[in-house]
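Trainee: I'd like a close look at one part of this model, starting from a single residue and working outwards. Please give me the cut-offs behind the terms as you go.

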Amino acid sequence: MRRGKMSVQNVPWELLLLSLLSKEDMYGSQMSKEIKSISEGKLSILMGSMYPILYRLSDNGCVEFYEKAIGRRLTVVYYHITDKGRDRLNDLMNEFREQVSIVGKFIDI
């Protein structure tokens, strides 16, 4: 049985990122750490892969971002899910559940 990391191309990243943001506003590296932590190290996303997804979600009105000063010189960009993003998350969750249900029918054969 294979117990390593999951294949990243099969991961519904948009669903995972929106799900994290539905709990609280987060900054990029925080989301990356949460993904790794929750998946017990089986999933990880590179910043260079995550930001294009966040930018696309922002362009589509699903996510907004704002800057927060940390100390005198450091600024951190936080991401916030919008109402449209919550609707998108619900759609993605329903699609994912349907896919799992269909695949489950084949597994039960």
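Mentor: Happy to! Leaving out residues up to four places away in sequence, Gln30 touches Glu24, Asp25 and Tyr78; contact here means heavy atoms within 4.5 Å. A word on the ground rules: this is a predicted model, in which local features need pLDDT of at least 70 and side-chain atom pairs count only at pLDDT 80 or more, while totals for chains, interfaces and linings use all residues. Residues are numbered from 1 along each chain as its sequence is written, and side-chain values use heavy atoms, with hydrogens and water left out.

Gln30 sits in helix α2. Helices (H or I, at least four residues) and strands (E, at least two) are DSSP runs, numbered from the N terminus. Gln30 counts as buried because its relative accessibility is 18%; the cut-offs are under 20% relative accessible area for buried, over 50% for exposed and partly exposed in between, with a 1.4 Å probe and protein chains only. Gln30 has company there, since Gly28, Met31, Ser32 and Ile35 are among the other buried residues of α2. Together, the buried residues of this helix pack against α1, β1, α3 and β3. Just after α2, Glu40 takes a positive phi of about 55°.

Let's follow those neighbours, beginning with α1. Two packed helices are described by the angle between their axes and the distance between the axes. For α1 and α2 the angle is about 105° and the axes lie 11 Å apart. The axes are lines fitted to C-alpha atoms, for helices over the stretch in contact, and angles run from 0 to 180 degrees between N-to-C directions. The two helices are therefore roughly perpendicular to each other; that label covers 65 to 115 degrees, whereas angles under 35 count as roughly parallel, over 145 as roughly antiparallel, and the rest as oblique. On the α1 side, Trp13, Leu17, Leu20 and Leu21 come together with Met31, Glu34, Ile35 and Ile38 of α2. By type, the residues of this contact divide into 7 nonpolar, no polar and 1 charged. In that scheme Ala, Val, Leu, Ile, Met, Phe, Trp, Tyr, Cys and Pro are nonpolar, Asp, Glu, Lys and Arg are charged, and the others, Gly among them, are polar.

Two residues from that interface turn up again in the core. In soluble globular proteins, nonpolar side chains tend to be buried together. The largest nonpolar core here has 22 residues, and Leu21 and Met31 touch the most other members. At least two core residues come from each of α1 (13-23), α2 (28-38), α3 (47-59), β3 (74-81) and α4 (83-107). The top contributor is α1, with 6 residues. Such a core is a set of buried Ala, Val, Leu, Ile, Met, Phe, Trp, Tyr and Cys residues joined through side-chain atoms within 4.5 Å. Beyond four places in sequence, Leu21 touches Met26, Met31, Leu54, Val63, Tyr79 and Ile81.

Tyr79 leads us to β3, the strand that holds it. It is buried, with a relative accessible area of 4%. Residues that Tyr79 touches, again beyond four places in sequence, include Leu21, Gly28, Met31, Tyr51 and Phe65. The strands form an open sheet of 3 in the order β1-β3-β2, with antiparallel pairing. Its edge strands, each paired on one side only, are β1 (26-27) and β2 (63-70). Two strands pair if DSSP finds at least two bridges between them, and β2 and β3 have 8. Along that pairing, Glu64 stands opposite His80, and Lys68 stands opposite Val76. The same two strands make a hairpin with 3 residues between them, and Gly71 in the turn has a positive phi of about 75°.

Finally, α3. Met47 belongs to that helix and is partly exposed, at 30% relative accessible area. Not counting neighbours within four places in sequence, Met47 is in contact with Gly28, Ser29, Ser32 and Pro52. The C-alpha atoms of Met47 and Ser29 are 7.4 Å apart, although 18 residues separate them along the chain.
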